[in-house]
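Got the viewer open and a selection tool at hand? Let's take a walk through the model, one stop at a time.

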Amino acid sequence: MAIAVTVNGEPQHVPEGTSVAALLKQMNVSAEGVAVEVNAEVVRKARHTEVTLHNGDHIEIVTFVGGG
Amino acid sequence: MTAQDKPLVIAGKTFSSRLIVGTGKYPSHAVMKQCHEASGTQMVTVAVRRLDLKAKGEDALLNWVNREHVTLLPNTAACYTADDAVRTCHLAEELGLSKWVKLEVLGDEKTLYPDVEETLKAARVLVKEGFTVLPYTSDDVITAKKLADIGCAAVMPLAAPIGSGLGIRNPHNLRLILEAVKVPVIVDAGVGTASDAAVAMELGCDAILMNTAIAAAKEPVRMARAMKWAVEAGRDAFLAGRIPMKAYASASSPLDGLVGR
């Protein structure tokens, strides 16, 4: 079973039970240098493997960029 | 040798440089790194944004920031509500493993003036959560006092709109803030060239934060160096104390012993 989630505003389908860590791996994103939010709550790196995604979740993957 | 100066201390952390520099708008990461070195800065601002999932293998900004010498100050730029700013700070903490933030809650896109009501609201939440909060604010002394009373580590009034390069448009208002608060006063926004930086420091401001003036100069690295000197010169002039302005001339050479009189 696949579930529908939104990652940085884009719709995605991932297998049921996918963890944050698995999502990052699937998207080829290193956990170093990013922060992840699920439904507007930060998921700390230490919890990336234990937190699983659910249908309809909104995920934000952010990084530092240049700014003033 | 110049006389000693007390270092800048923000929330217990000591800085010998009084120039805070941004990381935006540079022609390249390499030029940015050279600018940071030339400016002598020990604190740089960064922004938090969505990772571009389509741009694979893009060079990460932090590869070009020497975190051993430079404190990161993530900003909440482009946030228009206290809630968005607080949310951004939570992400910044996870990213940078530090609770230092430049709080910036904007009121409108045209002026990029701060929404002080939302800024105060966010500052209260963030200070309570243990963040070291350096808020971008208007040049209004009452707001500055409120931010300091809340427990912000500094106040950062604008001298002119962000990115405008209009210079120090509000020396009197900055003076009122300098008199009224005990935390460091950092001019954030408005500086266009080196003399602007010197003017702000001569007023007694504790530090200056700038981005565009360096990054968008024709020769950014040269401007970074000019800003380093201007901040140091302005600070020294402030400590030395300027002479009072007089309406008429006052001769520098003695009037006695003139030849042939």
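Start by selecting Glu50(A), which is exposed at 54% relative accessibility. Keep in mind as you look around that this is a predicted model. Now add Arg47(A) to the selection: the side chains of Glu50(A) and Arg47(A) meet in a salt bridge, 3.2 Å from N to O. Arg47(A) counts as partly exposed, at 40% relative accessibility. In general, side chains of opposite charge can pair when their charged atoms come close. Over all chains, the structure holds 15 salt bridges, so there are others to visit.

**Stop two: a buried pair in chain B**

Hop over to chain B and select Lys102(B) and Asp188(B). Their side chains form a salt bridge as well, with 3.0 Å from N to O. The two residues come from distant parts of the chain: Lys102(B) is in strand E6 and Asp188(B) in strand E9, 86 residues apart. Are these partners buried or exposed? Lys102(B) is buried, with a relative accessible area of 2%, and Asp188(B) is buried too, at 3%.

**Stop three: two backbone oddities**

Stay in chain B and step along to Ala189(B). This residue has a positive phi of about 95°, although it is not a glycine. You'll find Ala189(B) in the loop between strand E9 (186–188) and helix H6 (194–202). Ala189(B) is buried, with a relative accessible area of 9%.

Next, pick Leu97(B). Here phi is positive again, about 55°, and Leu97(B) is not a glycine either. Leu97(B) sits in the loop between helix H2 (82–96) and strand E6 (100–103) of chain B. Is Leu97(B) buried or exposed? Leu97(B) is exposed, with a relative accessible area of 74%.

**Stop four: where the chains meet**

Now show both chains and color them separately. The contact takes 26 residues from chain A and 30 residues from chain B. About 2,300 Å² is buried between the two chains, and carbon and sulfur atoms give 60% of that area. Which three residues of chain A should you highlight here? Go for Phe64(A), Val65(A) and Gly68(A), which supply 31% of the area that chain A buries against chain B, more than any other three residues.

There is plenty of polar detail to look at as well. Across this interface there are 15 residue pairs in polar contact. On the chain A side, strands E3 (35–38), E4 (41–43) and E5 (58–66) each supply at least two residues. Of the elements there, E5(A) gives the most, with seven residues. By class, the side of chain A that touches chain B has 13 nonpolar, eight polar and five charged residues.

**Stop five: salt bridges across the interface**

Five salt bridges cross between chain A and chain B. To see one of them, select Arg44(A) and Glu94(B), whose side chains meet at 2.9 Å, N to O. Leave Glu94(B) selected and add Lys45(A): those two also form a salt bridge, at 3.9 Å, N to O. Lys45(A) lies in the loop between E4 and E5 of chain A and Glu94(B) in helix H2 of chain B, so the pair joins two chains. Lys45(A) is partly exposed, with a relative accessible area of 30%, whereas Glu94(B) is buried at 4%.

**Stop six: strands, within and between chains**

Switch to a cartoon view and select E5(A) along with strand E4 (residues 43–50) of chain B. These strands pair in the antiparallel sense over five bridges. Phe64(A) turns up again here: its bridge partner in E4(B) is Val48(B).

Last, select E3(A). Four bridges join E3(A) to E5(A), and these strands run antiparallel. Look for Ala35(A), which stands opposite Val62(A) in E5(A). Three bridges also join E3(A) to E4(A), again antiparallel, with Val38(A) partnered by Glu41(A). E3(A) and E4(A) form a hairpin with two residues between them, and in the turn Asn39(A) has a positive phi of about 50°.

Now turn on side chains for E3(A). In a regular strand, side chains alternate between the two faces of the sheet. What covers each side of E3(A) is worth a look: both faces are covered, with Ala35(A) and Glu37(A) buried on one side and Val36(A) and Val38(A) buried on the other.

Notes. Residues are numbered from 1 along each chain as its sequence is written. Chains are lettered from A and ligands numbered from 1 in the order in which they are written. This is a predicted model: local features need pLDDT of at least 70, side-chain atom pairs count only at pLDDT 80 or more; totals for chains, interfaces and linings use all residues. Side-chain values use heavy atoms; hydrogens and water are left out. Buried means under 20% relative accessible area, exposed over 50%, partly exposed in between (1.4 Å probe, protein chains only). Contact means heavy atoms within 4.5 Å. Buried area is the accessible area (1.4 Å probe) that two parts lose on being put together, summed over both. A salt bridge is a side-chain nitrogen of Lys or Arg within 4 Å of a carboxyl oxygen of Asp or Glu. A polar contact is a pair of N or O atoms within 3.5 Å; within protein, one must be able to donate a hydrogen and the other to accept it, and residues adjacent in sequence count only if both atoms are side-chain atoms. Ala, Val, Leu, Ile, Met, Phe, Trp, Tyr, Cys and Pro count as nonpolar, Asp, Glu, Lys and Arg as charged, and the others, Gly among them, as polar. Two strands pair if DSSP finds at least two bridges between them.
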